[in-house]
Structure formats: structure tokens, C-alpha cells
Amino acid sequence: HNSTGVSLVSAAVGGMCSTWVKFSDVVAGASALGFGLSGAIVALYALYAGADLDSTSSVQRSFKDWVWLRLIFVAFHIAMEFVRGMSQRDIAGLWAHTTAFISGFAYVMYFLPPMGDGTLLSAERPYVVACAYDSSGFSSSAPECVRLFSSMYEYQVSYVQRQAFLFFSTVIGWTVFNVAVLHRKVPATGAVLLAGSEVSAVCCNRQGRPGGGDGLASNMESKEVILWCEVLGTLAWRPAPGTEDAERKLVARCLNQDPSQSAGGLLDLPAEGEAQSNNVQGKDLLAWRENIFLPVLFKQRGSFIQFVLYDLDPVKKPIAFASITLSQALRSKGEQRMKLQPLEGAKGSWPKAASGCLPWRLSPQIVVKFRYIEPQKALEIKDTAKYRLQFMEEEIKKAEEQLDGLRKQKTILDDQGEAGQS
């Protein structure tokens, strides 16, 4: 239970302290937890070495050198974290990891967890020893002390626990002050996009709107995002014989009705948003790689993403479609396989399974991976790509000019050589 306790406390402290530096970010999870466990290990090593438990162990084995080796590993870990934080200018993450490390150390100092079951060492807490001397701040009424690394750093148990409690109280108190006073004007329903996922403090129905009982299911409702559709190919579909070289095109559409309930795919229904891929030959559909960026409005219900596959030879004609709800696409993780439904007059492998396909892949499918980004981020990516393309064009132009110059020099040298021979 102490391992669980130090994990929860260090992760919570790291998350709270990260908001001191940047309120909109919360650094928590495995990183803060790992630093908290490192702090707890350092504290246990310090208590073990300070109490010189090697001499009290019933087993003639020295752990001191091993302890110091582990401390060197922890020191390298901390040094690498400081280099990472400073080089990436991640002050919030660096501060969160530092405070998580301190919280792990403070947890051990406050709760003084048992060190074994009393079989290897003389007691469950053999590092709690009698105070060796009296000085300012020490009294005979509390003779129990702990020593950190050596007998030179000896402190009364009550003093150490009081300092640890003060640390935890300061973290909680300052976090409450930071939230309630310094950032009291920040709306509680605010949300951000993090790695394609919606992150918010709360996700509940909003009050004061028509139809309050059917309030919005997410505070991202009606916000514009760019749906990133990464097409990864098709499964169990082959073009009709003789049409392998005919070009196809995939069009992504956002609709307010479910196209899967209609045999015609609602192709005549105006789309709320539309984007299309580049042309691709039918024989390349199995290994297709394409990125489609579709602007949509975030809606929990009533929005559907439809993919329509067109045959461009001899004229543009829809041959199949697949669909998925916008909510499912936005919250999906990994690849999504959607069944391709044939349209009237479609040619391909719908009548029977493609050769070698497994039974559950009898129906042709399209494989798509969904992500989404904010429009502002999309513009930044576009500007960056445009700048890089311009830079590459300039470099290519310079290389071509240099190549032309070398060709001219070669021509001159060749002419001079021919003149000399004549």
C-alpha cells in the first residue's frame, strides 16, 4: 500500500505544481510518478545508510556499495531531466518532475514505511534510532531520530514529519490559492486539444440553454476542427478485370444524416464539408496512402463522415461508400475499418470474396486513421510546409544553375580540346 500511496501522492503533487508555471497545462502520469518513486527510493537509501544497517543485518552482506551505485543512477536520471527541460524550455514539466521527486522523498519521511518484515533486519523500522546527542532544537522528550546517509545528519522524527507535512500543506494551499484567486476568471468549462484528444476539467451539460435536459454532451460542441483522415488502403477489394489502370478518387463528406440507412448513400444531399484525395489507379488501392483534411464542426450527435469512392474512367461515377459517425471518428484510437457499400452499377469484388481473404473479410473495407487538429494549428502546419517547399525550390534552382555552369565549362573545354587537336 505504500507503493500505491507514494505513486498517487507524487503524481498529484506533480500535476498541481505544474499549474503554478502554466495554468492551462497539467503534467501528470507516468513521468511524475516515476520521479516520485525515485525520490522514495533515495529516501529509503538515505535511511539505510544513515543507520548503518549493514552492521545490524543477520546476513553478512554489504548493501552500502549497491546503495551508492543506485544513487548514482538516480543522479544521472535527474541530470538528464534538467538537460531535457532546459533544452526544450519545458519549465512546467521540469518543475513538476522536481516537486514529484521531493514529494516521494517527503512521503517516506512522513509515513516511515517498514523496511522488510523483521526477519533480515532487527525490526520493521530499524532506521529509527535513539538520538546520539542533544543540541538546539532537540529534547529528551523525543529521543527517536533518523539519520540521512550518515550520523552527521541526524534529525528527530517529529521534526522530519513536521517538515514533510509542511511541504504537502504548502503544495495544496498554494494550488488552491492559484485556482481560487489568481485564476478565478478562467472558465471551468474550458477545453483544449491535446494530441488529437479533447482535454477538459469537466464535461457536463450546460445550464441556461434551451432544452436544458438535453444539454450539450461536450464543451467542444460547435467548435470548428480539422478532421485529419489518413487513408491506409482497402481490404478485400479488387477492381474489375481490365480496369486496373483506371483512375479512382476518394471524397470525404460531412453530412447531417446517416448515409448507411440509404441505398443511394445520400449522394444528392448537400454536404456540410467536403474534401477529396488525389487520383489513384485501381491496382494501387490495396496499398493506398493518402491524407485528407476535412473541416467540420464538432457535434456529438447528428453528424456523419462519409467516404465516397469514384471511378473516373470514362466519366466520374460513384461506385461505393463507407460511413462513420463524427463522434466515433473523433474519439477513435488507431485504425478504423469501415465496410464499403456498393452503389448501383458498381464493378469490383463485391459478388464474392477476394482470393485468399478470411471469412470475416468477405466484405470490402476501407482502412482510415482519424485525428483532428485546431484550424490555427493547421494554418501553422501549412505555412511551415509552404516555407519548406519554397526553400527546396530555391535550393533546386541554385543546383540547376550550378549544373548549367558546369555544362558550359565542359563545352568550352571540349571545344578547346578539339581546336588543339586540329
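How do strand β2 and β3 pair, and over how many bridges? I opened the predicted model to check that. Strand β2 covers residues 144-147, and I find it paired with β3 in the antiparallel sense over 3 bridges.

Next I looked at the whole sheet. I see an open sheet of 3 strands, ordered β1-β2-β3, with antiparallel pairing. The edges are β1 (129-130) and β3 (154-156); each has a single partner strand, so one side of each has no neighbour in the sheet.

Then I picked V146. Which residue is the bridge partner of V146 in β3? I get Y155. Skipping neighbours within four places in sequence, I list the contacts of V146 as L47, L112, Y127, V128, Y153, E154, Y155, V157 and V160.

I also checked what packs on the sheet. Helix α5 lies across β2 and β3, and I note an angle of about 80° to β3.

Cores came after that. The largest nonpolar core has 36 residues, and V146 turns up again: along with L47, M109 and Y127, it touches the most other members. I asked which elements give two or more residues to this core. My list reads α1 (2-21), α2 (30-50), α3 (64-87), α4 (91-111) and α5 (157-182). The biggest contribution is from α2, with 9 residues. I also logged a second core, separate from that one, with 32 residues, including L227, C254, F298 and Y372.

A reminder to myself: nonpolar side chains tend to be buried together in soluble globular proteins.

Definitions and conventions
Residues are numbered from 1 along each chain as its sequence is written. This is a predicted model: local features need pLDDT of at least 70, side-chain atom pairs count only at pLDDT 80 or more; totals for chains, interfaces and linings use all residues. Side-chain values use heavy atoms; hydrogens and water are left out. A nonpolar core is a set of buried Ala, Val, Leu, Ile, Met, Phe, Trp, Tyr and Cys residues joined through side-chain atoms within 4.5 Å. Buried means under 20% relative accessible area, exposed over 50%, partly exposed in between (1.4 Å probe, protein chains only). Helices (H or I, at least four residues) and strands (E, at least two) are DSSP runs, numbered from the N terminus. Contact means heavy atoms within 4.5 Å. Two strands pair if DSSP finds at least two bridges between them. Axes are lines fitted to C-alpha atoms, for helices over the stretch in contact, and angles run from 0 to 180 degrees between N-to-C directions.
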